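Reader: Got a minute to walk me through this one? I'd like the pocket side and then the fold.

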Amino acid sequence: PADIKEELLKKYPPKVARKRATQIMINEAQESETPSEIVANVRTIPGIITMRGCTYAGCKGVIMGPTRDILNITHGPIGCGFYSWLTRRNQTDAGETGENYMPYCFSTDMQDQDIIFGGEKKLAAAIEEAYDLFHPKGICVFATCPVGLIGDDIHAVARKMKAKFGDCNVFAFSCEGYKGVSQSAGHHIANNQVFTHLVGENQTPPAGEYKINLLGEYNIGGDGFEIDRVLKKCGITNIATFSGNSSYEQFASAQHADLSAVMCHRSINYVADMLETKYGIPWIKVNFIGAGATAKSLRKIGQYFGDKALVDRIEAVIAEELPVVEAVAADVKTRTTGKTAMLFVGGSRAHHYNELFQEMGMKTLSAGYEFGHRDDYEGREVIPSLTVDADSRNIEEIEVEADEKLYRARKTPEEIKALEDAGYKFKHYDGLNRDMDKGSIIIDDLNQYEAEKLVELLKPDIFCAGIKEKFSIQKLGVPMKQLHSYDSGGPYAGFKGAVNFYKEIDRLVSSKVWSYMKAPWQQNPELTATFVWE
Ligand code: CFM
Ligand code: HCA
């Protein structure tokens, strides 16, 4: 593995090589050990073709995109709105009312003259037009790069329009694309505003027993539908998902839950903290990717509430669902055992999907995040030692206090202690490194060059990443599975999702079709050219 690292760095100029060397590590960490430090959440070196996206993508596309009945307006040139229009496969169930603005792409379509003379009037007119046409409960406004550069005050416009309408919650996000080093900054900006402007608005407690919020689940390919199916079967009430298949009302009611179950902690762990500080809702990490992980997460929720009726029902559901999944795993394993994978996704998924591959007897040779932070690699305990650089300081941290009226401790300190004494972990997640094999290669902010080099050197049986990587990897003769959009597949979460995933990966790694393929320039060398410097 050390040779592989050297190979990856060889082509770089010395300064670039030195920096990348701090973001590529040969994994030493084992379960009990403290992983060594990796450099993460820092700017991509200019000139490198990163896999990352921008702050606007994280705010508008990732966090706010999946909420069906909030009308999202992109204030900017049309490309930003167009790119984030239905590309993320976040599904929704608009139910009986059918109120769903996700199929629309709302944008102020800024032109040169708006950049020169200012775009605030155009934005106000767009909000007014959207309100007149749809009368939504909420309108959100998203800043793109030029808006930040010319200094349009989108928050003032939002406040003015909110006051004018009276029955529509209008608020804005300063999520200019360049603001952070990646999407991650956009998650934070989005979540802060939802927490400030929306959570807590609905005072009527929703009906149901064992109330939880599901944080960091975005219903890609229907994952959230499958998780909701399983939760419902167990008798657990999901008040609000942040933000897959969500509605305005769900966010507004989130303070009524008794537990926050956090799935993708990368995109939302600070909201879990704020819900606890302000309303008294404890939080735990869960993971519904993988049949084993799903069973474990359900048991963790059961143990928190501690009711025998719930615990028994959860066991009955697991006993009913798991054998079906295990039968499929046993079959595919005859073909997939020993096969190898590489996993490079934005945040949590590069970690979560390890478990699904393990269930198929497969081995992850190399993995990493586009924009994870050190805690996503090394575990939550490193958070106090993270350095706050200028880029992180750019992102607002909001201070919350216990709400005078609404704060209610869900458990007594004795109850919490009893759970912890029994090994129960609140507010905790392990990083990726401890779950990866010794000697596997962990890479932060992998780029186009390194991706191709890794495939060339280690020839995995499958490579998992996003749309930008898809075709270049397939041209190398290796099957490629998108773990962002799932291509056209899914769900992969929960019990039914695990079955879907096993079958899909089995199909991909057992097929030879990609290795037979030759790119045009491999067949017809006349298509290649050599540049000669005269
Ligand atoms: Fe969390 Fe996500 Fe991910 Fe993410 Fe994303 Fe996504 Fe992702 Mo694409 S919230 S960090 S910003 S699990 S959109 S649903 S697939 S990069 S690994
Ligand atoms: C985003 C969204 C994305 C992109 C996926 C990809 C997603 O980062 O803006 O590169 O294929 O999951 O849709 O992460």
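Author: A term to start with: a pocket here is an open set of grid points with protein on both sides within 12 Å along at least five of seven lines, and lining residues have an atom within 4 Å of a point. Keep in mind that this is a predicted model.

Reader: Fine. How many residues line the second largest pocket, and which lie nearest its centre?

Author: The lining has 35 residues. Nearest the centre are Asn-41, His-373, Leu-386, Ser-392 and Glu-397.

Reader: Which elements give two or more residues to that lining?

Author: Helix 9 (183-197), helix 12 (269-279), helix 16 (374-378) and helix 17 (390-393).

Reader: How much space lies in there? And how do the lining residues divide?

Author: About 950 Å³. The lining splits into 13 nonpolar, eleven polar and eleven charged residues.

Reader: OK, switching to the sheet. What's the strand order?

Author: The order is 1-12-11-10-13-14, six strands in an open sheet with mixed pairing. Strand 1 (24-26) and strand 14 (480-482) are the edges, each pairing on one side only. From one strand to the next, the twist averages 15 degrees.

Reader: Strands 10 and 11: parallel or antiparallel?

Author: Parallel. Six bridges join strand 10 (residues 340-345) to strand 11 (residues 363-369). Met-342 stands opposite Ser-366 in strand 11.

Reader: Which strands does helix 15 lie across?

Author: Helix 15 (residues 349-359) lies across strand 10, strand 11 and strand 13 (462-465). It runs at about 155 degrees to strand 10.

Reader: And helix 21?

Author: Helix 21 (residues 467-475) crosses strand 13 and strand 14, at about 170 degrees to strand 14.

How values were computed:
Residues are numbered from 1 along each chain as its sequence is written. Chains are lettered from A and ligands numbered from 1 in the order in which they are written. This is a predicted model: local features need pLDDT of at least 70, side-chain atom pairs count only at pLDDT 80 or more; totals for chains, interfaces and linings use all residues. Side-chain values use heavy atoms; hydrogens and water are left out. Two strands pair if DSSP finds at least two bridges between them. Helices (H or I, at least four residues) and strands (E, at least two) are DSSP runs, numbered from the N terminus. Axes are lines fitted to C-alpha atoms, for helices over the stretch in contact, and angles run from 0 to 180 degrees between N-to-C directions. Contact means heavy atoms within 4.5 Å. On a 1 Å grid over the protein atoms alone, a cavity is a set of points where a 1.4 Å probe fits but cannot get out, and a pocket is an open set with protein on both sides within 12 Å along at least five of seven lines; lining residues have an atom within 4 Å of a point. Grid points are joined across faces, edges and corners, and a volume is the space filled by probe spheres set on the points. Ala, Val, Leu, Ile, Met, Phe, Trp, Tyr, Cys and Pro count as nonpolar, Asp, Glu, Lys and Arg as charged, and the others, Gly among them, as polar.
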